[in-house]
Amino acid sequence: MERITVRLPDGSAREYAQGVSLAQIARDAGRSDALVAKANGTLRDLRATLDQDASVELLTFDQPEGREVYWHSSAHLLAQAVKALFPEAKLAIGPPIDDGFYYDIDIGRPFGPEDLERIEARMRELAKRDQPIERVEIPRDEAITMYRQMGEKYKLELLEEIPDARVSFYRQDGFMDMCRGPHLPQTGAIKAIKLLSTSGAYWRGDEHREMLSRIYGITFPRQEQLDEFVHQLEEAKRRDHRRLGKELKLFAFADELGQGLPLWLPRGAMVRRIMENYIVDLELTRGYQHVYTPDLAALKLYKISGHWDYFRESMYPPMQVDGEELVLKPMVCPHHIMIYKQEQRSYRDLPVRIAELGRMYRYERSGTLTGLHRVRSMTLNDAHIFCRPDQVKQEFAAVVNLIQEVYQEFRISDYRLDLSLHDPKDRQYYHQDEELWMTAESLLREALDELRLTSNLVVGGANFYGPKLDVQVRTAAGKVESLSTVQIDFLLPRRFELEYIAEDGKAHRPVIIHRAIISTMERMMAFLIEHFAGDFPLWLAPEQARILPIADRHLEYARQVRDRLAREGLRVEVDQSNERISYKVRQGQIERVPYMLIVGDKEAQSGQVAVRSRASGDLGPMPLDQFLNRIRQEVTSKS
RNA sequence: GCCGCCGUAGCUCAGUGGUAGAGCGCCGCACUUGUAAUGCGGGGGUCAUCGGUUCGAAUCCGAUCGGCGGCUCCA
């Protein structure tokens, strides 16, 4: 028998007989926690054997790839349990996801909560039996025959697309599932199991095809990890902007008003006004010109831009007035283009940066509406930069710098950049001028390189008119959404026949950079609520300080303090309720007021206030001016 | 839009076919209070809406509206 050499990442090497299993190697390395292995860069089952020299990396639940395999096997376990309880069930697909796994299944009826409990219980039983999970390869024809007999029509459809002569299956305890693998060595590795939810999901993500039942679940090697996960879910719920928005009276919805149409309550409107003033003032210092454009526009505007062709379904239907067809403004760019076209532009004028807090109305499908994240009426921090081709890179860089500056002030550091390019194979959505795409995309890439930014490439993520860079953040519910965006557009200038007169005296075509820094006010508000978990920093807090009189006889002094602070531009209220001080403090804490100023006999006599901070509690008495200095500094530094 | 779950007082929720409940909030009275809940009393619901089954419906069935979790979509 030949000998082979196995090298481990720590540099150690060991000789084995040919045909040694990766599980054996894991045992010898004392790595009982290994779930799967990477041999010469390829992921393999631990049950797999080696017949030549290899460098082997043993992966555990702590590595993303190990977790993926763990959850993938968990999905198989789920399918096995479902098949045991519902033999007529037809299986579709069951992949791992960021947090757990799901399996799409067709049992001709939906799964109810009781079903989930039964399935979960069965999964535990099956895991406890600790059956080996084995890979088997069978000829494709055999697989087809088998699935045909079983009536597994979804598996058959998948099988049809596999060109290989042999297909791999994984078998555990009599249950077989077609799968590329790899998988855990045995089902017993799956310890803590929880099925989370069910939902409908279209077969192959196509809304014209069968609706399957999807079961989501999560598993862990240890119960404590599951408990921790559940705990985190609960914590996330407490940050949820919909909950805090209601509790803190920031915004609301009303059935009578309509779906997806938010009401900004006084406290939320205050935060919004601060955000708006902040961004508009900042943009004015960066050469943007702020404008206003109407909420209605002639449909032909969007026919020219092309948006009508692409987004008709999500625009409110046209209304006929005086022989004109009007739509609610679904987006701002054509309006700003009209402003650009108001004058003949010289190359010396460029770039022209037109900005607006643009209110838009989009008919989002009812099932997609979620709190302030997805609404039907929204106001975008929009701007369009009209520039010469040679200015694109520098303008793009300026926008990215602005984004970074703003994020620093909002204390946002957890985000990802997505670079979205067009997919040349998608001839339906993207215009066919490949040269235009090449130009736009290489400009974007070069600019990113020069900024030394790394981004995540999304092929096919571009707009119909051009590529873009999005700043992606995560919501409390764990979903990724874009906050900021910068988009390069060579197409709309052409469609609208935009021009500027260049040095050569001839008309040239400008480029448009579409950009949004703080997103829509709705989305930004939702994000900030969750980001700060309701504790807005002083500069954003709707109520910055509240004065709490100890007894009714201190009300007058309390009002004096309030008036003084209000004249200094602070947002401040007096708690006039007939309650004990500890109750008022509790109320103030619950309502997330950054500062509480307690005033009683001592303070009234000495002209002081006893300061309590939301974050650090009682700070003791201080003269009013000292308090003012403190918070002025805090507002300026946005801390 | 599609699939599932849900809808009881301002809020959070209990109430599985037999006369609508609790806590908090709100209003009133008393206490005049020193850093996370003072006590007592009161008002408040056509049980989302409409229709059906039943002697009788918050409860069972259907439709509609709205919310939640997904799918699809997201200029």
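Biologist: In this predicted model, which residues does Lys83 touch, not counting residues up to four places away in sequence?

Modeller: Lys83 sits in helix α2, residues 64-85. With near neighbours in sequence left out, Lys83 touches four named residues: Ala89, Leu91, Glu152 and Phe175.

Biologist: Is Lys83 buried or exposed?

Modeller: The cut-off for buried is under 20% relative accessible area. Lys83 has 18% relative accessibility, so Lys83 counts as buried.

Biologist: What distance goes with the polar contact between the side chains of Lys83 and Glu152?

Modeller: Glu152 is among the residues that Lys83 touches. Their side chains are joined by a polar contact, and its length is 2.9 Å.

Biologist: Where does Glu446 lie, and how far is its C-alpha from that of Lys393 in space?

Modeller: Glu446 belongs to helix α13, residues 434-450. In sequence, Lys393 is 53 residues away from Glu446. A polar contact of 2.9 Å joins the two side chains. From C-alpha to C-alpha, the separation is 7.9 Å.

Biologist: Is Glu446 buried, partly exposed or exposed?

Modeller: Partly exposed covers the range between under 20% and over 50%. Glu446 has 36% relative accessibility, so Glu446 counts as partly exposed.

Biologist: Which residues have the most contacts inside the largest nonpolar core?

Modeller: That core has 90 residues. Phe410 is one of those with the most contacts inside the core. Beyond four places in sequence, its contacts include Met275, Tyr278, Ile518, Phe532 and Trp539. The full set with the most contacts is Val406, Phe410, Phe536 and Leu540.

Biologist: How many residues does the other core have, the one with Phe86 and Ile105 among them?

Modeller: This core lies apart from the largest one. Ile215 and Leu226 are also among its residues. Its size is 42 residues.

Biologist: How many aromatic pairs are there, and what is the geometry of Phe61 and Tyr70?

Modeller: The count comes to 24 aromatic pairs. Phe61 and Tyr70 are 4.9 Å centre to centre, with 75° between the planes. Phe61 is buried at 9% relative accessibility, and Tyr70 is buried at 0%. The pair is edge-to-face.

Biologist: Why is the pair of Tyr595 and Phe627 edge-to-face?

Modeller: The ring centres are 5.4 Å apart. Planes over 60 degrees apart count as edge-to-face. The planes of Tyr595 and Phe627 stand at 80°, so the pair is edge-to-face.

Biologist: Which parts does the pair of Tyr595 and Phe627 tie together?

Modeller: Tyr595 is buried at 3% relative accessible area, and Phe627 is buried at 0%. The pair ties together parts that are 32 residues apart in sequence, because its two residues lie in strand β33 and helix α19.

Biologist: Which residue has a polar side-chain atom 2.2 Å from a base nitrogen of RNA strand B?

Modeller: There are 55 residues around RNA strand B, and those that come nearest are Ser199, Ser366, Asn578, Tyr583 and Arg586. Tyr583 has a side-chain N or O atom 2.4 Å from a phosphate oxygen. The 2.2 Å approach to a base nitrogen belongs to Asn578.

Biologist: How many charged residues does the surface near RNA strand B have?

Modeller: Elements that each supply at least two residues of this surface include β14, α7 and α17. By class, the surface has 17 nonpolar and 19 polar residues. The charged count is 19.

Note on methods:
Residues numbered from 1 in each chain as written. Chains lettered and ligands numbered in written order. Predicted model: local features only at pLDDT ≥ 70, side-chain atom pairs only at ≥ 80, totals over all residues. Heavy atoms only, no water. Near = heavy atom within 4 Å. Polar contact = N/O pair within 3.5 Å; in protein donor to acceptor, adjacent residues only side chain to side chain. Helix = DSSP H or I, 4+ residues; strand = E, 2+ residues; numbered from the N terminus. Nonpolar A, V, L, I, M, F, W, Y, C, P; charged D, E, K, R; others polar. Core = buried A, V, L, I, M, F, W, Y, C linked by side-chain atoms within 4.5 Å. Buried < 20%, exposed > 50% of the residue type's maximum accessible area, 1.4 Å probe, protein only. Contact = heavy atoms within 4.5 Å. Phe/Tyr/Trp six-rings, centres within 6.5 Å; stacked < 30°, edge-to-face > 60°.
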